[in-house]
Amino acid sequence: MPDFSVEGIARSYILAVGSHDLNAVETLLSEDFVATFAGTTLDKAGWTTALKRLLPALVRNEIRDVFTAQDRVCIVYDFTTNTAAGAVRCIELLTINADKIRETELVLDRVAFAPVNEALKAQVPPAQ
């Protein structure tokens, strides 16, 4: 039986990303979803596009800790990659309303994550 608690929804989201199940991810996000990362704000379509770009490097997500307060969840996880970066510790701050993720803010060490971006750029042929 699905867990519709704020913690259950957050866990389902992180694990769906880690298992490359973008259909499940899209189901968990509200239509007016907003993501913030490194000073950039993305809507649902922009966020899922960004996730798709990362999937070739993502092996899995390993949840380390989950903290909740009413409709807010702080989830700490390792974004485990097949790159020189290995596992990069990430923190997402989620707001959940009506059993959907309304908002997320992703926090990570961009220097530790740099090898992931480099590996992904090397896989994509340059635009002509």
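**Exercise 1. Determine which residues Lys44 touches beyond its sequence neighbours, and whether Lys44 is buried or exposed.**

Solution. Once the neighbours within four places in sequence are set aside, Lys44 of this predicted model is in contact with Glu26, Leu29, Ser30, Glu31 and Phe33. The next step is to place the residue, and Lys44 turns out to lie in helix 3. One of the contacts can be given in more detail, since the side chain of Lys44 reaches the backbone oxygen of Leu29 at 3.3 Å. Finally, the relative accessible area of Lys44 is 14%, and because the cut-off for a buried residue is under 20%, Lys44 is buried.

**Exercise 2. Describe the aromatic pairs of the chain by their distances and angles.**

Solution. The count comes to two aromatic pairs. In one of them, Phe33 and Trp47 are 6.4 Å apart from centre to centre with 50° between the planes, and the pair is tilted. This pair links distant parts of the chain, with Phe33 in strand 1 (residues 29–37) and Trp47 in helix 3, 14 residues apart. Both Phe33 and Trp47 are buried.

The rings of Phe79 and Phe113 have centres 5.5 Å apart, and their planes stand at 55°, so this pair is tilted. Here, too, distant parts of the chain are linked, as Phe79 belongs to strand 4 and Phe113 to helix 4, 34 residues apart. To complete the description, Phe79 counts as buried at 5% relative accessibility, and Phe113 counts as buried at 8%.

**Exercise 3. Work out how Val88 is placed, starting from its strand and ending with its contacts.**

Solution. Val88 lies in strand 5, and with a relative accessibility of 2% it counts as buried. Neighbours within four places in sequence aside, Val88 is in contact with Tyr77, Asp78, Phe79, Asp109, Ala112 and Phe113; this list includes Phe79 and Phe113, the two residues whose rings form a tilted pair. As a further reference point, the C-alpha atoms of Val88 and Glu7 are separated by 21 Å, the two residues being 81 apart along the chain.

**Exercise 4. Characterise helix 4 by its span, its start, its buried residues and what covers them.**

Solution. Begin with the span: helix 4 (residues 110–123) has 14 residues and reaches 20 Å from its first C-alpha to its last, close to the 20 Å expected at 1.5 Å a residue. At the start of the helix, a side-chain oxygen of Asp109 comes to within 2.9 Å of the backbone nitrogen of Val111.

Turning to burial, the buried residues of helix 4 are Phe113, Val116 and Leu120. Their spacing can be read against a general rule: an α-helix has 3.6 residues a turn, so residues three or four places apart point the same way. The cover over these buried residues includes helix 3 (44–54), strand 4 (72–81), strand 5 (87–97) and strand 6 (100–108).

**Exercise 5. Summarise the chain as a whole: its elements, dimensions, burial and contacts.**

Solution. The chain holds four helices and six strands, which follow one another along the sequence as α-α-β-β-α-β-β-β-β-α. A compact globule of 128 residues would have a radius of gyration near 14 Å, and the 14 Å of the chain agrees with this. The C-alpha atoms fill a box of roughly 45 × 30 × 30 Å along the principal axes.

Of the 128 residues, 39% count as buried, while the chain exposes about 7200 Å², of which carbon and sulfur atoms supply 54%. Lastly, among contacts between residues at least 6 apart in sequence, 47% join residues at least 24 apart.

Conventions
Residues are numbered from 1 along each chain as its sequence is written. This is a predicted model: local features need pLDDT of at least 70, side-chain atom pairs count only at pLDDT 80 or more; totals for chains, interfaces and linings use all residues. Side-chain values use heavy atoms; hydrogens and water are left out. Helices (H or I, at least four residues) and strands (E, at least two) are DSSP runs, numbered from the N terminus. The expected span of a helix is 1.5 Å times one less than its number of residues. Buried means under 20% relative accessible area, exposed over 50%, partly exposed in between (1.4 Å probe, protein chains only). Contact means heavy atoms within 4.5 Å. A polar contact is a pair of N or O atoms within 3.5 Å; within protein, one must be able to donate a hydrogen and the other to accept it, and residues adjacent in sequence count only if both atoms are side-chain atoms. The radius of gyration is taken over C-alpha atoms; the globule rule is 2.2 Å times the number of residues to the power 0.38. Accessible areas come from the Shrake-Rupley method with a 1.4 Å probe; for residues, only the protein chains shown count as cover. Rings of Phe, Tyr and Trp (its six-membered ring) pair if their centres lie within 6.5 Å; planes under 30 degrees apart count as stacked, over 60 as edge-to-face and the rest as tilted.
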